[in-house]
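Welcome! Please take a look at the structure below, then try the exercises at your own pace.

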Amino acid sequence: MKIGYPATLTYYTHFLLWKSFFNSLGHEVIISPKTSKNILESGVKDTVTDACIPIKILHGHVSALKGKVDLVFIPRMVSIVKDETFCPKFLGLPEMVQYSIENVPKILSPQIELKRGFWQIYKVLKSLGQQLGATKKEIYKAIFTAMKTQFKYEKLLASGFFPKEAVDIIEGNKIPVAKDFSNGISLAVLGYPYQIYDSYITVNMLENLKNMGVNTWTCEMVPLRKQKKYRKVLPKELFWYYSNIVMRCTYYYLKDKRMDGIIHVTAFGCGPDAILDKLMELECKSHNVPYLNITIDEHTGEAGILTRLEAFVDMLKIRRDLN
Ligand code: SF4
């Protein structure tokens with residue numbers, strides 16, 4: 001069977017796990033093309049106007065898979081740790097797509113709800129494998145391969161590789177070369193992975209920062225055990241899984257790593273970010289670390305973002321020289 005995987009949302013965190021799992025069971029995984037003007041326009045056409053840009057883009061990616069796959073994979077992400085949930089848009093995603101896009105392929109949407117512990121993923125994968133007609137033995141083998149690949153992927157991310165680089169290394173298309181973060185301005189670019197790493201919606205932000213000689217750090221480079229140190233720092237933690245990761249990584253980059261500055265990339269119309277952004281701004285202020293918010297939407301242009309990035313980086317350089 002051909003299973004379509006939209007190259008957005010969970011793509012940057014769990015794609016290899018799912019791909020290994022499906023491949024081990026003998027299915028082919030087809031990824032939608034990179035985000036483009038066409039994908040964005042088709043997503044905008046199919047969604048309600050007040051949806052955030054990542055959700056509009058997801059719709060565009062699903063449409064791009066029409067006619068090419070037997071099933072499209074849109075997991076219902078409820079929770080992967082105790083006491084935290086995904087943003088409501090993730091919870092209703094399979095239905096949202098089902099009723100918004102005409103002639104959408106059949107949707108494969110396992111419910112990922114691991115409130116009682118990560119081990120519950122085995123149960124989810126087992127039931128998914130059975131749904132796809134695999135035997136017990138085939139399922140256990142596929143689970144083992146998928147988990148092994150995911151751990152390898154997370155290790156590469158924690159050692160400084162971006163998701164695309166880590167995927168290329170695992171798939172044998174690239175030889176790992178350790179990054180040198182020793183010189184230059186260090187900036188933490190924080191936000192949800194489906195925003196940070198989508199070069200179309202961030203109008204090449206990571207690439208532009210690299211061209212300015214900036215060392216860029218992201219949330220995925222902070223290993224889980226280091227993030228855990230900053231659990232319960234806030235008197236009341238946020239409800240949302242990705243938002244808590246961004247907040248913990250903000251603490252990490254302020255306290256453990258001492259960045260020159262922090263950039264928060266946020267989507268226009270994102271409810272969780274309305275709270276998160278203010279908390280990050282206040283923390284940066286109290287640590288005397290410059291903070292820049294970049295809000296993106298479907299009208300974001302490269303020139304405007306580039307001017308703001310250049311001005312921010314210039315200010316950080318002057319600040320460093322003065323200290
Ligand atoms: S967390 Fe924000 S950006 Fe992400 S899907 Fe929810 S509303 Fe959209």
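Here are four short exercises on this predicted model, each with a worked solution.

**Exercise 1. Find out how confident the prediction is along the protein chain.**

Solution. Begin with the average: the protein chain has a mean pLDDT of 92. Next, check the cut-off of 70, which 100% of the residues reach or exceed. Finally, look at the extremes. Confidence is lowest in helix H11 (residues 224–228), with a mean of 90, and highest in strand E1 (residues 2–5), at 98.

**Exercise 2. Trace the open sheet formed by four strands, and say which strands lie at its edges.**

Solution. Step one is the order, E8-E7-E9-E10, with parallel pairing. Step two is to look for strands that pair on one side only: these are E8 (215–217) and E10 (291–296), the edge strands. Step three is the twist, which averages 25° from one strand to the next.

Now zoom in on one pair. Strand E7 (residues 186–190) and strand E9 (residues 261–267) run parallel and are joined by four bridges. Within this pair, Leu190 of the chain stands opposite His264 in E9.

To finish, add the helices. Helix H12 (residues 241–255) lies across E7, E8 and E9, at about 170° to E7. Helix H14 (residues 302–322) lies across E9 and E10, and its angle to E10 is about 170°.

**Exercise 3. Work out which residues touch the most other members of the largest nonpolar core, and where this core lies.**

Solution. The core holds 95 residues. Those touching the most other members are Phe21, Leu187, Ala188, Val189, Val246, Cys249 and Tyr253. Then ask which element gives the largest share: H12 does, with 10 residues. Since domain 1 (2–170) and domain 2 (186–322) both give residues to this core, it lies between them.

Take Tyr253 as an example. Beyond its neighbours within four places in sequence, Tyr253 is in contact with Ala188, Trp217, Met259 and Ile262.

**Exercise 4. Describe how the two assigned domains, domain 1 and domain 2, meet.**

Solution. First, set the bounds: the domain assignment gives domain 1 as 2–170 and domain 2 as 186–322. Second, locate their centres, which are 25 Å apart when taken over C-alpha atoms. Third, count the residues in the contact: 27 from domain 1 and 22 from domain 2.

Last, see which helices build the side of domain 1 that touches domain 2. Helix H1 (11–24), helix H2 (37–46), helix H3 (53–64) and helix H7 (136–158) each supply at least two residues. H3 gives the largest share of that side, four residues.

Key. Residues numbered from 1 in each chain as written. Predicted model: local features only at pLDDT ≥ 70, side-chain atom pairs only at ≥ 80, totals over all residues. Pairing = 2+ DSSP bridges. Axes fitted to C-alpha atoms, helices over the stretch in contact; angles between N-to-C directions. Contact = placed C-beta atoms within 7 Å. pLDDT = per-residue confidence, 0-100. Core = buried A, V, L, I, M, F, W, Y, C linked by C-beta atoms within 7 Å. Buried ≥ 20, exposed ≤ 12 C-beta atoms within 10 Å, placed from the backbone. Domains from an automatic or database assignment.
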